[in-house]
Amino acid sequence: MPGRHFLQIPGPTNVPDRVLRAMDLPTMDHRGPKFGELGQRVLDGMRVIFKTKGRVVIYPASGTGAWEAALVNTLSPGDRVLMYETGHFASLWKGLAERLGVVPEFIAGDWRSGADPAAIGQHLAADKKHAIKAVCVVHNETSTGCTSRIAEVRKAIDDAGHPALLMVDTISSLASIDYRHDEWGVDVTVAGSQKGLMLPPGLSFNAVSDKALEASKKAKLPRSYWSWDEMEGPNDKGFFPYTPATNLLYGLAEALDMLHEEGLDKVFARHDRHAEATRRAVRAWGLEVLCKNPRHYSSSLTAVLVPEGQSADHFRKVTLENYDMSLGNGLSKIADKVFRIGHLGDFNDLMLMGTLSGVEMGLELSGMPYRRGGVQAALGYLSGQDQTLAEGAAD
């Protein structure tokens with residue numbers, strides 16, 4: 001088709017031209033002095049994004065690798081971990097933990113809200129012997145469009161007087177939704193390159209607290225490639241213990257420049273604004289946002305429930321074939337019941353309006369029951385004609 005493809009899944013996201021051009025450079029010697037400067041630049045820059053003064057580790061891997069690194073560096077075989085079922089990716093993290101020989105205790109969720117801090121606190125309070133070694137929470141559940149209140153989870157752990165580590169997955173929220181590793185008392189934060197950081201897939205990250213580093217000294221799960229200890233010495237000088245993803249690091253340096261130029265607070269406000277405009281469009285269409293709790297609305301994506309008996313995948317297929325736009329599919333429990341609109345990363349008002357126009361045209365052409373007017377509702381909000389406070393605005 002003429003024109004460009006609209007990639008509106010909730011990651012991988014559109015890669016800005018500046019980042020593409022930065023990666024389009026000759027690969028340098030990863031043992032030479034210029035690489036050390038690049039390594040220090042991206043490691044320091046990622047500390048700012050995580051809002052931490054502690055260690056940051058960068059791996060050539062997907063976010064799944066960062067999940068594994070968080071667990072194997074801090075835990076031993078048979079250790080119990082408390083996890084919360086916020087959706088598909090929380091469930092995958094649980095499965096990975098099981099395969100490593102860790103024993104998850106999974107708090108059931110309805111896939112329509114974030115983690116419940118009270119339930120986590122109650123579970124920890126009942127663990128009088130402190131057998132639970134870590135609490136693992138997904139900050140922004142990519143499958144459902146629900147966020148969890150990490151500061152409240154931290155408070156629940158503290159109120160229970162429990163020493164468990166707090167591990168948080170920010171794969172689809174870092175650099176899109178406000179996140180504060182140090183302030184919120186997180187011990188290991190997990191992230192990936194292909195969403196808010198505006199890069200292709202291929203880099204993953206751990207931000208690590210001193211408490212987690214101390215735990216790693218006693219952890220007995222096997223680790224080699226993922227070892228924080230192996231990274232420490234080389235990272236201190238901007239290098240890595242094995243061949244890094246050099247050209248992706250070029251792109252990361254440029255992406256960090258872009259985020260700092262805009263300012264993180266403005267980045268978060270932009271994402272909040274686009275998310276609210278999208279939700280207004282969904283309501284105007286007579287459809288339902290999957291996330292039921294306004295305090296848990298995601299600013300990275302919106303998952304939309306289709307009416308009973310309708311096929312979200314058929315709608316997505318019609319939209320792709322006729323308008324060259326990719327939307328996210330429903331996963332596992334909500335397969336074919338939802339479609340997901342990504343509005344994160346390198347994204348602006350006109351891109352959002354093009355996306356929502358494509359959705360509305362796709363709804364019409366696919367025969368999905370809906371009301372017209374979603375695009376106009378979003379336009380009214382973005383253009384300032386309707387600037388009432390967003391429902392469920394952050395408090």
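Me: Which strand gives the most to the lining of the largest cavity?
Reply: First, this is a predicted model, where local features need pLDDT of at least 70, side-chain atom pairs count only at pLDDT 80 or more, and totals for chains, interfaces and linings use all residues. Residues are numbered from 1 along each chain as its sequence is written, and side-chain values use heavy atoms, with hydrogens and water left out. A cavity is a set of points on a 1 Å grid over the protein atoms alone where a 1.4 Å probe fits but cannot get out, and lining residues have an atom within 4 Å of a point. With three residues in the lining, the top contributor among the strands (E runs in DSSP, at least two residues, numbered from the N terminus) is strand 12 (residues 301–305).

Me: And what volume does the largest cavity have?
Reply: The search of the whole structure turns up two cavities of 30 Å³ or more. A volume here is the space filled by probe spheres set on grid points, which are joined across faces, edges and corners. Thr144, Arg279, Cys291 and Tyr297 are among the residues around the largest one, and its volume is about 50 Å³.

Me: Cys291 is in that lining, so how far is its sulfur from that of Cys146?
Reply: A disulfide needs two cysteine sulfur atoms within 2.5 Å, and the structure holds zero of them. Cys146 is buried at 1% relative accessibility (buried is under 20% relative accessible area, exposed over 50%, partly exposed in between, with a 1.4 Å probe and protein chains only). Its closest cysteine sulfur is in Cys291, too far for a bond at 3.3 Å.

Me: How far is Cys136 from the nearest cysteine sulfur?
Reply: Cys136 counts as buried too, at 3% relative accessibility. It is in no disulfide, and the sulfur of Cys146, the nearest one, is away by 19 Å.

Me: What kind of aromatic pair do Phe35 and Phe240 make?
Reply: Rings of Phe, Tyr and Trp (its six-membered ring) pair if their centres lie within 6.5 Å; planes under 30 degrees apart are stacked, over 60 edge-to-face, the rest tilted. The count comes to eight pairs. Phe35 sits in helix 2 (residues 33–50) and Phe240 in the loop between helix 8 and helix 9, so their pair ties together parts 205 residues apart in sequence. With centres 6.2 Å apart and planes at 70 degrees, the pair is edge-to-face.

Me: What is the angle between the planes of Phe315 and Phe339?
Reply: Both residues are buried. Phe315 belongs to helix 11 and Phe339 to strand 14, so this pair links parts 24 residues apart in sequence. The pair is tilted, with 4.5 Å centre to centre and planes at 45 degrees.

Me: Which ring does Lys94 lie over?
Reply: A charge sits over a ring if NZ of Lys or CZ of Arg is within 6 Å of the ring centre and within 35 degrees of the ring normal. Lys94 is one of the buried residues of helix 4 (helices are DSSP runs of H or I, at least four residues). At 5.3 Å from the ring centre, Lys94 lies over the face of Phe106.

Me: Which helix gives the most to the lining of the second largest pocket?
Reply: A pocket is an open set with protein on both sides within 12 Å along at least five of seven lines. This one has a volume of about 270 Å³, and helix 4, strand 13 and helix 3 each supply at least two lining residues. With three residues, the top contributor is helix 3.
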